[in-house]
Amino acid sequence: MFERFAADTRRAVRQAVEEARRQERDEIGEEHLLLALLRDRTGEAGALLAGRGVRSAEVEDAYARSRRRGGLSEAESDSLHGIGIDVREVMAAVERSHGAEALVRRRRRRRGLFAGHRPFTAEAKAVLERSLREALEHGDRSVRELHLLLALRTGGGVAAEVLAERGVDYAAVLSSVRRSA
């Protein structure tokens, strides 16, 4: 699949690996892909995100809140609340019993041959796969950063929520894809 990635997308994926390393995360997630696009102001996706006022600090904060809720997005938390499960109440009870941030996954120490390797999370892999589908659906031969942004926007979860809050909708990104083709 990576052979279909354009140079800008490959650069974004490499930057996502660096983001995960900088945050001392074991895996490369959606958060790191979004931050990589956001921090590259020279790329089309970074320019679009900057124009909509998306900031890396708010992305990092949204993911920190999600990790504290055991990885749930606001929408997922609200959905559970709709069926009578108050995630905030559960989170508070767990933290009272087990300490602050008890639901946050802790860093695992890798050993041996794979000590420096950081795999992609299932969600990040799904974003990469969706970006390829987006490129193919729109008749593009290679996957560009904007396809990656489309995939982040359509996937649901925290990335999609942050983007939606800032008005980064599918139509706006798609319009940029078509203009730059």
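These notebook entries record what I looked up in a predicted model of one structure.

**Entry 1. Helix α4**

I began with helix α4, which runs over residues 56–68. I checked its length against expectation: at 1.5 Å a residue, its 13 residues should span 18 Å, and the end C-alpha atoms are 18 Å apart, so the two values agree. I then asked which residues of α4 are buried. They are Val59, Ala62, Tyr63 and Ser66. Seen down the axis of α4, these buried residues fall within an arc of 95°, and they therefore line one face of the helix. I also looked up what they pack against, and found α2 (30–39) and α9 (157–165). Just after α4, I noted Gly70, which takes a positive phi of about 80°.

**Entry 2. Salt bridges within helix α1**

I searched the whole structure for salt bridges and found eleven. Two of those I examined lie in helix α1 (residues 7–22).

The side chains of Glu18 and Arg21 meet in a salt bridge, at 2.5 Å from N to O. I noted that Glu18 and Arg21 are three residues apart in α1, which means that about one helical turn separates them. Glu18 is partly exposed, with a relative accessible area of 38%. Arg21 is also partly exposed, at 36%.

The side chains of Glu19 and Arg22 form a salt bridge as well, at 2.9 Å from N to O. Glu19 and Arg22 are three residues apart in α1, so about one helical turn lies between them. I then asked whether Glu19 is buried or exposed. Glu19 counts as buried because its relative accessibility is 2%, and the cut-off for buried is under 20%. Its partner Arg22 is partly exposed, with a relative accessible area of 48%.

I followed this pair further and found a network of salt bridges that links Glu19, Arg22, Arg39 and Glu60.

**Entry 3. A salt bridge between helices**

I next looked up Glu31, which forms a salt bridge with Arg67; their closest N and O atoms are 2.9 Å apart. This pair links distant parts of the chain, as Glu31 is in helix α2 and Arg67 is in helix α4, 36 residues apart. Glu31 is buried, with a relative accessible area of 5%. Arg67 is partly exposed, with a relative accessible area of 22%.

**Entry 4. Glu24 and its phi angle**

I looked for a residue with an unusual backbone angle. Most residues other than glycine have a negative phi. Glu24 is not a glycine, yet its phi is positive, at about 55°. I located Glu24 in the loop between α1 and α2. Glu24 is exposed, because its relative accessible area is 53% and the cut-off for exposed is over 50%.

**Entry 5. Helix α8 and its cover**

I turned to helix α8 (residues 145–154) and asked how many of its ten residues are buried. Eight of the ten are buried, so the helix is mostly covered. The buried residues are Glu145, Leu146, His147, Leu148, Leu149, Leu150, Ala151 and Leu152. I listed what covers them, and the cover includes α1, α2, α3 (44–51), α7 (122–137), α9 and α10 (170–180). After α8 comes Gly156, whose phi is positive, near 80°.

I then looked at Thr9, a residue of helix α1. Thr9 counts as buried, with 0% relative accessibility. Leaving aside residues up to four places away in sequence, I found that Thr9 touches Val143, Arg144, Glu145 and Leu148. Glu145 and Leu148 are among the buried residues of α8.

**Entry 6. Leu80 and a nonpolar patch**

I placed Leu80 in helix α5 (residues 74–82). Leu80 counts as partly exposed, at 26% relative accessibility. Not counting residues up to four places away in sequence, Leu80 touches Leu72, Ile85 and Val87.

Ile85 appeared again when I looked up nonpolar patches on the surface. Which residues make the patch of about 280 Å²? I found Ile83, Ile85 and Val90. Val90 is in helix α6 (residues 87–98), and Val90 is partly exposed, with a relative accessible area of 43%.

Conventions
Residues numbered from 1 in each chain as written. Predicted model: local features only at pLDDT ≥ 70, side-chain atom pairs only at ≥ 80, totals over all residues. Heavy atoms only, no water. Helix = DSSP H or I, 4+ residues; strand = E, 2+ residues; numbered from the N terminus. Expected span 1.5 Å × (residues − 1). Buried < 20%, exposed > 50% of the residue type's maximum accessible area, 1.4 Å probe, protein only. Arc of directions from axis to C-beta. Contact = heavy atoms within 4.5 Å. Salt bridge = Lys/Arg side-chain N within 4 Å of Asp/Glu carboxyl O. Patch = residues over 30% accessible without salt bridge, like charges linked within 9 Å, V, L, I, M, F, W, Y side chains within 5 Å. Areas by Shrake-Rupley, 256 points an atom, 1.4 Å probe, with all protein chains shown as cover.
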